[in-house]
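Me: Please take one part of this model and go through it closely. Plain words will do, with each term explained when it comes up.

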Amino acid sequence: MKVLVLNSGSSSIKYQFIDTDTKIALAKGLVDRIGMAGAVLSHQRYDGNNIKIAGEILDHQIAVEYVLGVMLSKNHGVIDDKKDIDAVGHRVVHGGETFSGSVFVTDEVVKVLQDNIELAPLHNPPNIKGIQACQRILPDTPQCGTFDTAFHSQMPPKSYLYGIPYELYKKHKIRRYGFHGTSHLYVSNRAAELLGKDIKDLKIITAHLGNGCSIAAVKNGKSMDTSMGFTPLEGLLMGTRSGDLDPSLILYIMGKEGLTLGEANTLLNKHSGLIGISGESSDMREILSAVKDNQQRAKWAFEIFTYRIKKYIGAYAAAMGGVDAVVFTGGIGENAKEVREEVCKEMEYMGIELDELKNQNAEEIISKDNSNVKVMRIPTNEELVIALDTAKIVSEMNK
Amino acid sequence: MQEEKLRLEDLLESSQSSNVDDDRINNVAIIGAGIMGQGIAQTVAGMGLEVILVEIDADKLESAKAQLTETIDREIKRWAMTKSDKKAIFSRIKWETDPNAVKDCEIIIEAVQEDFDLKVSIFKQLDKIANAEAIFISNTSTLSLTKISESISRSSKVIGMHFLNPVPKIPMVELVKSLHTSNETVLKVKEFASRIGKTPVEVYEYPGFITTRAIVPLINEAMHMLLEGIATAKDIDTALKLGYNFQYGPLEMADAMGLDEVLTWMETLYKTLGEPRYRPNPMIRKLVRERKLGKKTGEGIFKYDEHGNKIN
């Protein structure tokens with residue numbers, strides 16, 4: 001089955017056209033600056049054929065039209081007819097408590113997504129726009145949604161409830177939702193494959209370290225706990241987000257600095273994390289080069305970043321009653337060997353022994369052969385999960 | 001990688017229709033690059049709409065650009081905004097000295113000083129330039145919109161939008177209907193207000209609307225107390241801030257608004273409503289005569305440093 005996977009952001013749409021039988025992306029690309037001057041579509045075909053198209057891309061619907069246009073084009077395309085797209089799979093950030101897995105998109109599903117806007121005000125509206133654009137342009141093509149929150153939806157109450165009055169959970173759905181679920185799901189399953197074991201027999205800690213960072217305790221194939229919470233602000237230190245902190249300091253800072261609620265939100269989401277501590281950059285590559293130059297604040301940023309991950313690994317190992325594998329993924333997890341090395345340092349007591357050379361060479365299994373806990377570096381592939389889920393739902397419906 | 005300037009139609013033999021919602025407002029012109037004009041421009045551009053900011057005086061336009069840069073940089077420094085917010089805002093504002101630049105805008109907002117003749121002459125000029133469907137908005141806080149709108153042909157498309165300073169931070173706007181404003185105009189402007197993040201409050205045309213009419217006597221009364229020596233300026237503000245949970249005291253608020261502005265409002269309200277409670281206090285007259293206009297001149301009721309911070 002050939003599935004078009006769309007990840008619609010507020011001013012961009014990322015797409016991949018995936019053949020789910022061969023698991024190969026036939027084409028992928030990005031429409032950027034939607035609704036702004038300088039809007040552009042960058043498209044890449046499986047054979048390396050590349051093109052950039054500038055245009056007046058006023059909204060998500062026109063962006064999807066551009067994507068179809070380039071996919072159908074004689075010189076750069078991969079299909080002859082719109083009908084060659086068997087299904088569309090959408091990444092949706094927040095499924096709230098309603099969705100525990102990928103779903104076939106109906107009007108009712110869209111309605112539930114709209115009801116969840118309050119929970120993900122930045123992410124769900126563009127996701128919905130992407131869905132609606134496809135409903136109009138590809139009215140006969142089945143569409144499915146895969147949720148960032150779905151994989152974590154089976155966490156036990158002890159993981160998802162906060163220590164605040166229970167009524168607030170009932171009234172406002174305040175609980176831990178967790179994010180990056182598709183990535184944690186993909187890499188934990190891939191880890192089981194690499195170990196040659198059934199995931200139902202494994203305890204895996206997966207660290208998705210990218211622009212946003214989260215870590216999950218995957219026990220017997222299910223997410224038991226994860227570091228991101230009600231919003232993607234909680235947990236690990238990130239490029240521009242603070243991660244865990246004492247909630248009362250927010251009120252204290254607001255008073256001292258005269259910040260409004262919205263401004264405090266900007267402070268914690270955009271000015272904190274690596275950039276806030278280092279004063280240099282939110283990009284781990286630049287932090288690492290500043291560390292080499294002996295810049296103290298960059299060193300602290302690096303240390304806080306890795307120390308938090310280490311603490312969570314300890315916590316999740318304790319929570320699961322052990323750990324069989326630790327997986328690094330995401331831009332930083334896959335590419336920053338220094339981060340993996342620092343996190344795994346002095347963890348031999350709990351059976352984590354990193355192999356320096358394998359780590360340097362960025363192999364898939366980077367722990368020593370005799371390490372009790374296997375350490376892995378697995379490139380994530382959320383689009384493939386979305387495509388496979390979509391294909392599964394659609395083929396079951398066609399039975 | 002090849003880079004081509006292609007349109008969708010070039011890729012496809014038969015182009016799909018692009019059903020862009022025609023009613024949607026995408027281009028907004030703002031006339032006058034003072035504090036209000038800058039604030040409205042920042043707000044509208046910040047919400048993703050294209051803005052043309054027209055100021056016929058080239059020097060004023062340049063200094064407005066510098067002021068807006070400084071305002072946003074200050075917000076970045078106190079962690080309330082980001083550099084990418086700034087970049088996005090400036091990429092959407094076109095700075096123009098030629099009023100003809102507004103011809104394709106769907107909404108034109110006038111934010112010049114509170115002078116009836118000036119506003120009328122601007123609207124008359126724009127009436128000839130602008131698209132016939134364009135809505136004209138006045139940011140007046142006290143003047144009669146009905147009278148302003150009667151001076152031009154599109155009186156049903158004239159409406160008041162009274163923004164409060166600092167525009168990006170005040171989440172409310174008063175929508176002021178004149179006798180001639182059509183329902184269609186009201187609906188469109190309401191939607192526009194929501195789109196730029198403001199809660200619209202509908203007001204019938206009456207001097208001072210809600211906000212100015214209520215705040216002016218409070219400021220006047222606070223100045224009377226100061227003049228009568230009942231308390232210091234700081235203590236009057238503190239009492240009202242802490243006592244009634246006001247974010248700002250009335251005296252520092254007057255300084256921030258500009259004492260000349262406040263005096264103009266008082267005079268207009270006194271003239272049109274005739275009640276003595278609007279009669280300007282002698283102190284504000286004196287301060288305005290001395291050009292001590294508040295924060296913008298470094299001294300008003302309080303004194304300010306070059307960054308606009310109050311000196312205790």
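Reply: **A close look at chain B**

Of the 312 residues in chain B, 39% count as buried. A residue is called buried if 20 or more other C-beta atoms, placed from the backbone, lie within 10 Å of its own, exposed if 12 or fewer do, and partly exposed in between. This is a predicted model, in which local features need pLDDT of at least 70, side-chain atom pairs count only at pLDDT 80 or more, and totals for chains, interfaces and linings use all residues. Residues are numbered from 1 along each chain as its sequence is written, while chains are lettered from A and ligands numbered from 1 in the order in which they are written.

Chain B has twelve helices and eleven strands; these are DSSP runs numbered from the N terminus, with at least four residues of H or I for a helix and at least two of E for a strand. The radius of gyration of chain B is 21 Å, close to the 20 Å that the globule rule gives for 312 residues, so chain B is as compact as a globular protein of that length. That radius is taken over C-alpha atoms, and the rule is 2.2 Å times the number of residues to the power 0.38. The C-alpha trace of chain B spans about 80 × 45 × 35 Å along its principal axes.

Next come the contacts, where two residues count as touching if their C-beta atoms, placed from the backbone, lie within 7 Å. Among contacts in chain B between residues at least 6 apart in sequence, 66% join residues at least 24 apart.

Chain B is divided into domain 1 (27-204) and domain 2 (211-302), with bounds from an automatic or database domain assignment. The C-alpha centres of these two domains of chain B are 26 Å apart. Seven residues from domain 1 of chain B and seven residues from domain 2 of chain B make the contact. On the domain 1 side there are one nonpolar, four polar and two charged residues. Here Ala, Val, Leu, Ile, Met, Phe, Trp, Tyr, Cys and Pro are nonpolar, Asp, Glu, Lys and Arg are charged, and the others, Gly among them, are polar.

Last, the cores: a nonpolar core is a set of buried Ala, Val, Leu, Ile, Met, Phe, Trp, Tyr and Cys residues joined through C-beta atoms within 7 Å. The largest one has 102 residues, and A63(A) and V326(A) are among those with the most contacts inside it. Helix α11 (residues 296-320) of chain A gives the largest share of this core, nine residues. A second, separate core of 53 residues includes A41(B), V44(B), L53(B) and I89(B).
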